[in-house]
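Trainee: I would like to learn how to read a protein model step by step. Could we go through one together, with the general idea before each case?

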Amino acid sequence: MKKTILWLGALFLLAGCATADIDRMGTVQAAAPVLSGEQKVLVALPKDGVYQNIKYDYSGQQVQQAFFEALSFEAGNVVLANQVQSLDDSLAYAGNIGAQVLVYPVITHWEDRNTPWSGMRDKIRVNVQVYSVAPGKVLDRTSLYATNRWFSFVNAAPANLLKKVVNPYIKQLYR
């Protein structure tokens, strides 16, 4: 009986170290693949995330990098924008560099909490629009949302949640 209690206690403690719970939400318009590997893709740089009065420096670059890494497995040529631009300016820049596709992420929620101490979860929400550059037409759009576990011994950054929602989304755009 004591061994069972010890094993259950150990499993409970280890559960706090497990990976993040991910809740990917959003509606994906395309039922069929919308992108091909031959297309040149530009990933726009989103503004840094803000929660209440806290600005999370470099969160925009972290989001851009997550999309870059996911797209690099699918597309032959992925380019990163080097500055934050409006949608119209991003579409114009994509056309100037010969990109056929623009991935335009916008951070709508970025909350970094000290989860081990407070039990409050990290939260991210990134709205993504994928455009065909030539006509400026939306090919797909979705909202990616993730939170970590409320019980954890590790204080992971919200950026750690990104790959778990970005990678599956990009894969479905190509398949």
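Mentor: Let us begin with a term we shall need: a nonpolar core is a set of buried Ala, Val, Leu, Ile, Met, Phe, Trp, Tyr and Cys residues joined through side-chain atoms within 4.5 Å. Please keep in mind throughout that this is a predicted model.

Trainee: Which residues touch the most other members of the largest nonpolar core?

Mentor: In soluble globular proteins, nonpolar side chains tend to be buried together. Here the largest such core has 31 residues, and Phe 67 and Ile 170 are the ones that touch the most other members. At least two residues of this core come from each of β1, α2, β5, β6, β7 and α5, and α5 makes the greatest contribution, with nine residues. If you look around Ile 170 and leave aside residues up to four places away in sequence, you will find that Ile 170 touches Phe 67, Ala 70, Leu 71 and Glu 74. Apart from the largest core lies another, of 10 residues, among them Leu 42, Leu 91, Ala 99 and Leu 102.

Trainee: How should I read a helix, and which residues of α3 are buried?

Mentor: A residue counts as buried when its relative accessible area is under 20%. In helix α3, which spans residues 87-96, the buried residues are Ser 90, Leu 91 and Ala 94. Seen down the helix axis, these buried residues fall within an arc of 100°, so they line one face of α3. That buried side packs against β1, β5 and β6, whereas the face turned away from it carries the exposed residues Asp 88 and Asn 96. Just after α3 comes Gly 98, which takes a positive phi of about 85°.

Trainee: What should I look for in strands, and how many bridges join β6 to β7?

Mentor: In a regular strand the side chains alternate between the two faces of the sheet. In this model β6 and β7 run antiparallel and are joined by 10 bridges, with Val 128 standing opposite Thr 142 of β7. Four residues lie between the strands of this hairpin, where Gly 136 has a positive phi near 70°. For a single strand residue, take Val 101, which is found in β5 and is buried, with a relative accessible area of 0%. Not counting residues up to four places away in sequence, Val 101 touches several residues, including Leu 35, Val 41, Leu 42, Val 130 and Tyr 131.

Trainee: How many salt bridges does the structure hold, and which parts are joined?

Mentor: A salt bridge is recognised when a side-chain nitrogen of Lys or Arg lies within 4 Å of a carboxyl oxygen of Asp or Glu. This structure holds one, formed by Lys 163 with Glu 69, whose closest N and O atoms are 3.3 Å apart. Since Lys 163 lies in helix α5 and Glu 69 in helix α2, the pair ties together parts that are 94 residues apart in sequence. Both partners are partly exposed, Lys 163 with a relative accessible area of 45% and Glu 69 with 30%.

Trainee: Where does pLDDT stay under 50?

Mentor: Where pLDDT is low, the predicted coordinates should not be read in detail. Here pLDDT stays under 50 over residues 10-30. Across the chain the mean pLDDT is 78, and 69% of the residues reach 70 or more.

Technical notes
Residues are numbered from 1 along each chain as its sequence is written. This is a predicted model: local features need pLDDT of at least 70, side-chain atom pairs count only at pLDDT 80 or more; totals for chains, interfaces and linings use all residues. Side-chain values use heavy atoms; hydrogens and water are left out. Buried means under 20% relative accessible area, exposed over 50%, partly exposed in between (1.4 Å probe, protein chains only). The arc is that of the directions from the helix axis to the C-beta atoms. Contact means heavy atoms within 4.5 Å. pLDDT is the predictor's confidence in each residue, from 0 to 100. Two strands pair if DSSP finds at least two bridges between them.
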